[in-house]
Amino acid sequence: NDLLGFLATTDLYEGLAREAYSKSNSKAKGGSLRGASTYNMNPDYRRAASIIRQVESSNNYSLVGDIAVGAYQVVPSQHSSTIKSLYNMNMEQFRKSPEAQDKYFEYMVNETNKALNGSDRVKLLNIIRTANPKATYDDAIAAVHFWGINNIRKLIKGEKGIEDKIPYKKNGVTKYNPSLGYHLRKIRKAY
């Protein structure tokens, strides 16, 4: 398979724009953004960013969710120190800055590129394709976004399944984020 060979030798997300822009840009729901960013994001990440923003927040950069904030629903307990270090912003300032949110999304994709080797990238795409045989680079980026790199590593090692839910605590109560399979099915609807 040419795609798997390409993935083994390049960054997971390289070529995203070429693939995504061969589709109509208008296919992602919510084409106009509320509080749109003026940040000039790497073209390879734009399609995935658009899909994740649509699924996470309906493109609402100022959204405050159950445990996360902004268009990409960034979890403060996991990201606030990095955001402070990179942009000298607290989470409220970050939530009010579409540009910072887009820059941080791009930063996280670049960090993921460093964290997964070629073999892991191929395994991840193959696993994602069990839920959606037509999975693309967009789905791979979304998988890492929704589940985080540590859970993706466990998925690749077979320690987690694609339909497993991820526990988290809120006010001392254990709750569960939806499975990766749920997220992948949801993003397919955003196309």
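**Helix packing and burial in a predicted model**

In this predicted model, the largest nonpolar core has 41 residues, and those with the most contacts inside it are Tyr72, Phe94, Phe105, Leu124, Ile152, Leu155 and Leu180.

User: Which helices each supply at least two residues of this core?

Analyst: They are H3, helix H5 (91-95), H6, H7, H8 and helix H9 (180-190). The most comes from H8, which gives 10 residues to this core. In soluble globular proteins, nonpolar side chains tend to be buried together.

User: What does Leu155 touch, not counting residues up to four places away in sequence?

Analyst: Leu155 touches Leu124, Ile127, Trp147, Lys160, Gly161, Ile162 and Leu180. A contact here requires heavy atoms within 4.5 Å.

User: How many helices and strands does the chain have, and in what order do the elements run?

Analyst: The chain has nine helices and two strands. From the N terminus on, the order is α-α-α-α-α-α-α-α-β-β-α.

User: Why is H6 called oblique to H8?

Analyst: Helix H6 (residues 98-115) and helix H8 (residues 137-157) pack at an angle of about 45°, and their axes are 11 Å apart. Angles under 35 degrees count as roughly parallel, and 65 to 115 as roughly perpendicular. The angle of about 45° belongs to neither class, so H6 is oblique to H8. The crossing of H6 past H8 is left-handed.

User: Which residues make the contact of H6 with H8, and how do they divide by class?

Analyst: From H6 come Phe105, Val109, Thr112 and Ala115, and from H8 come Ile141, Val144, Ile149 and Arg153. By class there are six nonpolar, one polar and one charged residues. Thr112 is counted as polar and Arg153 as charged because Arg is in the charged list, while Thr falls among the others.

User: What makes H7 roughly perpendicular to H8?

Analyst: The axes of helix H7 (residues 118-131) and H8 cross at roughly 110° and come within 11 Å. The class called roughly perpendicular runs from 65 to 115 degrees. The crossing angle of roughly 110° falls in that range, and therefore H7 is roughly perpendicular to H8. The crossing of H7 and H8 is right-handed.

User: Which residues of H7 and H8 meet?

Analyst: In H7 they are Asp120, Lys123, Leu124, Ile127 and Ile128, and in H8 they are Asp139, Ala140, Ala143, Val144, Ile152, Leu155 and Ile156. The contact of H7 with H8 divides into nine nonpolar, no polar and three charged residues. Asp120, Lys123 and Asp139 are the charged ones, because Asp and Lys count as charged.

User: How do you know that H3 and H8 are oblique to each other?

Analyst: The axes of H3 and H8 cross at roughly 50° and come within 9 Å. The cut-off for roughly parallel is under 35 degrees, and roughly perpendicular begins at 65. An angle of roughly 50° meets neither condition, so H3 and H8 are oblique. The crossing of H3 and H8 is right-handed.

User: Which residues of H3 and H8 meet?

Analyst: Arg47, Ala48, Ile51, Ile52, Val55 and Glu56 in H3 meet Asp138, Ile141, Ala142, His145 and Phe146 in H8. The contact of H3 with H8 has seven nonpolar, one polar and three charged residues.

User: Why is Asn59 called buried?

Analyst: Buried means under 20% relative accessible area. The value for Asn59 is 1%, so Asn59 is buried. Asn59 is placed in the loop between helix H3 (46-57) and helix H4 (76-87). Its phi is positive, at about 65°, although Asn59 is not a glycine.

User: Does Gln73 count as buried or exposed?

Analyst: Gln73 has 14% relative accessibility and therefore counts as buried, the limit being under 20%. Gln73 also lies in the loop between H3 and H4. The phi of Gln73 is near 50°, a positive value in a residue other than glycine.

User: What makes Thr136 buried?

Analyst: The relative accessible area of Thr136 is 7%, so Thr136 is buried by the limit of under 20%. Thr136 is found in the loop between H7 and H8. Thr136 and Leu125 are 11 residues apart in sequence, and their C-alpha atoms are 7.8 Å apart in space.

User: What percentage of the 191 residues in the chain is buried?

Analyst: Buried residues make up 48% of the 191 residues.

Notes
Residues are numbered from 1 along each chain as its sequence is written. This is a predicted model: local features need pLDDT of at least 70, side-chain atom pairs count only at pLDDT 80 or more; totals for chains, interfaces and linings use all residues. Side-chain values use heavy atoms; hydrogens and water are left out. Axes are lines fitted to C-alpha atoms, for helices over the stretch in contact, and angles run from 0 to 180 degrees between N-to-C directions. Helices (H or I, at least four residues) and strands (E, at least two) are DSSP runs, numbered from the N terminus. Angles under 35 degrees count as roughly parallel, over 145 as roughly antiparallel, 65 to 115 as roughly perpendicular and the rest as oblique. A crossing is left-handed if the near helix is turned anticlockwise from the far one by less than a right angle, and right-handed if clockwise. Buried means under 20% relative accessible area, exposed over 50%, partly exposed in between (1.4 Å probe, protein chains only). A nonpolar core is a set of buried Ala, Val, Leu, Ile, Met, Phe, Trp, Tyr and Cys residues joined through side-chain atoms within 4.5 Å.
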